[in-house]
Amino acid sequence: MRRRERRSTWSATWLHHRGVATVESVTRLRRELSDWIQTVGVSRNLAYDLALGCYEAMANVVAHAYPTGTTGFLDLHARLGKDDITVTVRDHGQWKPESGQGPGGRGLVLIRRLADGVDLLRGEHGTRVDMRWLRH
Amino acid sequence: MNPARGVIADVEQHDDALVLVVVGDIDALTAPEVAKAVDDALGKQPAVLIVDLSNVDFLASAGLAVLVETHRKAGDSTRFRVVATRPSTRRPLEITGLTDELAVFASRDDALAV
């Protein structure tokens, strides 16, 4: 049914998605991620923090990874561990330099405060955000 | 997209205050709709503009940016207030420090009573 229309694939312990990053697609993807995390059985607060943190990482890809007027791919990989949930959001473009007031500023603050651990890796061929939430 | 999962903004008048009641999710997709509704409300030059987020389930940085921009546009002519009752809206406002920057109230009655 609805499951077959989705472009993501998932199991009880992981969710994977690769698709073109658009403002519409990341809204859809955040809802898929929320649905998935609810089947895992975590607290409401954790589910919300994860959905918002991951959404901000994906929204940054849409806003900053690719030159204006172009689109590119976004990869999302979420994995349920015994003690934690890890989510990686990756693009194949280049973010503008980080700044408190500049693009993505408030989004990055949200990601850093919402997740229990964050690694932001900027490379020549893309940016990767690794986020971790403890299943307390 | 399905409007039931988007955002709706209705305007109510309470004496000298305009209350913009937002229902739904505010993310980068729906924030422009909220920004337009807020601009329309500000255009009426109310003494007080209240954005009521009591029925908002998701508030992303795009929505926070609309609130900050509204605060700036309101300036001295309109007193701008935000109602945030749910953890889904209070949490992003608190962790970005906007509860200090904006006038945030725990209920609409509180926001109207000031």
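How many bridges join strand E2 of chain A to strand E3 of chain A? In this predicted model, there are seven, and the two strands run antiparallel. Strand E2 covers residues 14–20 and strand E3 residues 73–80 of chain A. Two pairs mark the register. A:Leu15 has A:Ala78 as its bridge partner in E3(A). For A:His17, the bridge partner in E3(A) is A:Leu76.

On the sheet that contains these strands packs helix H2 of chain A, residues 23–40. Helix H2 touches E1, E2 and E3 of chain A. The direction of H2 makes about 175 degrees with that of E2(A).

E3(A) also pairs with E4(A). Seven bridges join these two strands, again in antiparallel fashion. The connection between E3(A) and E4(A) is a hairpin through three residues. Within this pairing, A:His77 stands opposite A:Thr88 of E4(A). In a regular strand, side chains alternate between the two faces of the sheet.

The sheet as a whole is open and has six strands. Their order in chain A is E1-E2-E3-E4-E6-E5, with antiparallel pairing. The edges are formed by strand E1 (9–10) and strand E5 (117–123) of chain A, each of which pairs on one side only.

A further helix, H3 of chain A, spans residues 44–65. Helix H3 lies across E3, strand E4 (84–91) and strand E6 (126–134) of chain A. Its course runs at about 10 degrees to E4(A). Strand E3 of chain A is thus touched by H2 and is among the strands that H3 lies across.

Notes. Residues are numbered from 1 along each chain as its sequence is written. Chains are lettered from A and ligands numbered from 1 in the order in which they are written. This is a predicted model: local features need pLDDT of at least 70, side-chain atom pairs count only at pLDDT 80 or more; totals for chains, interfaces and linings use all residues. Two strands pair if DSSP finds at least two bridges between them. Helices (H or I, at least four residues) and strands (E, at least two) are DSSP runs, numbered from the N terminus. Two residues are in contact if their C-beta atoms, placed from the backbone, lie within 7 Å. Axes are lines fitted to C-alpha atoms, for helices over the stretch in contact, and angles run from 0 to 180 degrees between N-to-C directions.
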